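Trainee: Could you take one part of this model and go through it slowly? I would like to see how a helix pair is described.

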Amino acid sequence: MAFDADTAARLAAGIGMGLATLGPGIGIGYLTGRTSEAIARQPEASGDIRTAFIIGMALTEALALYAFVIAIILIFVA
Amino acid sequence: MLLALAEEAAESKVVGALHELNVQTVISFPKLGPIDLSITNAVIYMWVSAVVVFLFFFIAAKRSKNEPEKLQTTAEIMLNFATGHLTGQIGEKGKKYYYLILTIFAYIFVTNIIGLIPKLEVLKPYTPTANINVTAGMAIVVFLVTQYQGFHRHGVGGYLKSWMTPPGVPKAIGVPLNVIFFPVHLMGEFFKPLSLSVRLFGNTIAGHLIILVMLGLILEFASAIVIIPAALFVIIMTAFEVFVAFIQAYIFSLLSVVYIESAIYAGH
């Protein structure tokens, strides 16, 4: 099997997707840990904390999804 | 984008299962130049979800009584959720956007759930939110509302000024720093709808891809070693996707609220 542009694109999609999950993974883990800490400290404020957590999670998760879209473009369009 | 899959479908059953992600034309119309107005399965499922959302609130409103039934209670919970929880941050100034946010929430949730229900091949299954055009359309509406609010409330000068260095910074540093501040804020405004649409699209299509690949594996290797774990995984993943459908609808509407709010109170 020759290493042509198509193979390179698929390889890049796989490696890129794998690397792109590292950062958001660390980020969401940190976020969840701090959220549970905050809720444990102040259970009465859990509603507000959860809202902030979901916004933060959405913004963090978006980074991995950008890479996912790029991976899809690499595989199916390029 | 996924049309290339259809050509490979004959080769592998895993790729064949991904056929569900292709847009199929149901009723074709002649093209008007570059615009193709054919009715596809994506459009039909969007109509179905819109009708479901409309009928739910319409019937709930028609049948509302002093002693609420199940339907009315559900509709009231959703309305309270939108007016209280979601738009609680906008305050008085954003009151007229309660219904935009509620519609976005209900529509995305219903579309996601309808996409998750297994359907026969005859019905040409498709999830509209797994198409970037649909999510981008909704994100552009939010973007236009945001910019309208910004320019309407603060005037062109006032709104553009809120993208400059914040007040309180000494002029000697603040004015040159605008070279950085203004382009960054300008780009930020355009990245908001981009991230909104890509988030919903990515989450939906990622979940469907995983489920479809697992189903394709079951068809490809018809042996108990593959079928039992794959079937279990599909069941768990589908249950998780129901949760994701709700979370994504919630995040989309919550971030819309945050963006509209940031335009209403720009510069504070």
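**A helix pair in chain B**

Mentor: In this predicted model, look at the residues where two helices of chain B touch. From helix 6 of chain B come B:V142, B:V145, B:T146, B:Q147, B:Q149, B:G150 and B:R153, and they meet B:S256, B:Y259, B:I260, B:A263 and B:I264 of helix 8 of chain B. Sorted by class, this contact between helix 6 and helix 8 of chain B holds six nonpolar residues, five polar and one charged.

Now the geometry. Two packed helices are described by the angle between their axes and by the distance between those axes. Helix 6 of chain B covers residues 132-161 and helix 8 of chain B covers residues 224-264; their axes lie 8 Å apart, and the packing angle is about 15°. Angles under 35 degrees count as roughly parallel, so helix 6 of chain B is roughly parallel to helix 8 of chain B. The crossing of helix 6 of chain B past helix 8 of chain B is right-handed.

Next, the chain around this pair. Chain B contains eight helices and two strands, and from the N terminus its elements follow the order α-α-β-β-α-α-α-α-α-α. Along the principal axes, the C-alpha atoms of chain B fill a box of roughly 75 × 55 × 45 Å. Chain B has 268 residues, and 28% of them count as buried. Take the contacts in chain B between residues at least 6 apart in sequence: 62% of these join residues at least 24 apart.

Definitions and conventions
Residues are numbered from 1 along each chain as its sequence is written. Chains are lettered from A and ligands numbered from 1 in the order in which they are written. This is a predicted model: local features need pLDDT of at least 70, side-chain atom pairs count only at pLDDT 80 or more; totals for chains, interfaces and linings use all residues. Axes are lines fitted to C-alpha atoms, for helices over the stretch in contact, and angles run from 0 to 180 degrees between N-to-C directions. Helices (H or I, at least four residues) and strands (E, at least two) are DSSP runs, numbered from the N terminus. Angles under 35 degrees count as roughly parallel, over 145 as roughly antiparallel, 65 to 115 as roughly perpendicular and the rest as oblique. A crossing is left-handed if the near helix is turned anticlockwise from the far one by less than a right angle, and right-handed if clockwise. Two residues are in contact if their C-beta atoms, placed from the backbone, lie within 7 Å. Ala, Val, Leu, Ile, Met, Phe, Trp, Tyr, Cys and Pro count as nonpolar, Asp, Glu, Lys and Arg as charged, and the others, Gly among them, as polar. A residue is buried if 20 or more other C-beta atoms lie within 10 Å of its own, exposed if 12 or fewer, and partly exposed in between; C-beta atoms are placed from the backbone.
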